Amino acid sequence: AYYPEGPVWYQDSLYYVEYGRNAVMVWDGQHNRVFSAQEGCGQSAVVPTGRGEFLTTCYDNGTIGRIAADGTSLAPYSHDKDGRAFVGPNDLAPDSRGGIYFSTSGSHGDAVDGKVFYIAADGTISLEADDVHNANGLAVSKDGSILYVVETDENRLLKFRIGPDGSLSERRIVVNLDELVHHVVHIWPDGVKIDSHGEIYI
């Protein structure tokens with residue numbers, strides 16, 4: 001695998017992206033094959049949707065790529081409902097309502113311009129959180145009430161309360177990873193996943 005990221009298990013196969021090859025891959029347990037490729041996208045995550053399509057974060061060209069069930073590329077999402085562009089789309093997290101959250105890392109360096117958007121089941125995209133210092137991995141809790149978001153450049157994991165309409169509120173810090181090692185080394189969190197028992201992996 002060439003720079004693999006964003007794995008997701010779907011219909012008895014493992015889908016993931018190869019960022020360095022601009023491709024979404026699928027592994028059936030024996031063979032690895034290209035499911036979809038789009039030059040210049042810079043895929044960093046992939047998820048299936050409730051409509052039988054797939055979405056992928058195109059980190060390099062600032063879009064959310066859409067892929068049909070047969071691997072054909074569809075017209076991507078490039079702006080939210082208010083015309084905001086996506087700077088560094090990074091990760092995706094489906095909820096139980098047919099919607100999908102995604103993070104945009106924003107500019108590198110000192111700029112605190114990472115964001116979290118929400119794609120509703122009808123395809124409407126809205127900004128739900130901003131001022132995140134390099135927004136990265138994100139995951140919805142098992143009961144659907146909390147969205148966890150990695151804030152890489154602050155070395156911590158955030159959480160938001162999810163409203164009935166998918167809106168986010170009550171921003172809190174869950175943990176600063178540097179504190180877990182008493183600041184002996186510097187931790188740069190990247191992805192976050194939640195397992196079948198509700199335990200969090202970073």
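Which residue of strand 3 stands opposite Tyr 16? I looked this up before anything else, and found that Tyr 16 faces Met 25 there.

**Ground rules**

I am working on a predicted model, in which local features need pLDDT of at least 70 and side-chain atom pairs count only at pLDDT 80 or more, whereas totals for chains, interfaces and linings use all residues. I number residues from 1 along each chain as its sequence is written, and my side-chain values use heavy atoms, with hydrogens and water left out.

**Strands 1 to 3**

I take strands as DSSP runs (E, at least two residues; helices are H or I, at least four), numbered from the N terminus, and I call two strands paired if DSSP finds at least two bridges between them. Strand 1 (residues 4-10) pairs with strand 2 in the antiparallel sense over 5 bridges, and within that pairing Trp 9 stands opposite Leu 14. The hairpin of strand 1 and strand 2 has 2 residues between the strands, and I noted that Gln 11 takes a positive phi near 50 degrees in it.

On its way to strand 3, strand 2 is again antiparallel, with 5 bridges joining the two. This second hairpin has 4 residues between its strands, and Asn 22 in the turn has a positive phi of about 50 degrees. I checked the surroundings of Asn 22 and found a relative accessibility of 11%, which counts as buried (buried means under 20% relative accessible area, exposed over 50%, partly exposed in between, with a 1.4 Å probe and protein chains only). For strand 2 itself, 5 of the 6 residues are buried, so the strand is largely enclosed by the rest of the structure.

I also looked at Gly 29, which is found in the loop between strand 3 and strand 4 (32-37) and is partly exposed at 45% relative accessibility. Gly 29 and Asp 12 are 17 residues apart in sequence, and their C-alpha atoms are 8.8 Å apart in space.

**Another positive phi**

Asp 131 is not a glycine, yet its phi is positive at about 55 degrees. I place Asp 131 in strand 12 (residues 125-132), where it is partly exposed with a relative accessible area of 48%.

**The sheet of strands 5 to 8**

I traced an open sheet of 4 strands in the order 5-6-7-8, with antiparallel pairing. Strand 5 (43-48) and strand 8 (73-77) stand at the edges with a single partner strand each, so one side of each is left without a neighbour in the sheet. In the same sheet, strand 6 (residues 54-58) and strand 7 (residues 63-67) pair over 5 bridges, and Thr 57 stands opposite Ile 64.

**The disulfide**

How many disulfides does the structure hold? I found 1, taking a disulfide as a pair of cysteine sulfur atoms within 2.5 Å. The partners are Cys 41 and Cys 58, with their sulfur atoms 2.0 Å apart, and the link is left-handed, with -90 degrees about the S-S bond. Cys 41 lies in the loop between strand 4 and strand 5 and Cys 58 in strand 6, so the pair ties together parts that are 17 residues apart in sequence. I found Cys 41 buried at 0% relative accessibility, and Cys 58 is buried with a relative accessible area of 0%.

**Cores and rings**

I define a nonpolar core as a set of buried Ala, Val, Leu, Ile, Met, Phe, Trp, Tyr and Cys residues joined through side-chain atoms within 4.5 Å. The largest has 15 residues, and those with the most contacts inside it are Tyr 101, Val 116, Leu 138, Leu 147 and Leu 168. A second, separate core of 12 residues includes Val 47, Ile 64, Leu 92 and Ile 125.

For aromatic pairs I require ring centres of Phe, Tyr and Trp (its six-membered ring) within 6.5 Å, with planes under 30 degrees apart counted as stacked, over 60 as edge-to-face and the rest as tilted; the count comes to 10. Phe 86 and Phe 117 have ring centres 5.0 Å apart and planes at 70 degrees, so this pair is edge-to-face. The pair links distant parts of the chain, with Phe 86 in the loop between strand 8 and strand 9 (89-94) and Phe 117 in strand 11, 31 residues apart. Phe 86 is buried at 4%, and Phe 117 is buried at 0%. Lastly, I noted that ring pairs link Tyr 10, Tyr 15, Phe 35 and Phe 54 into a cluster.
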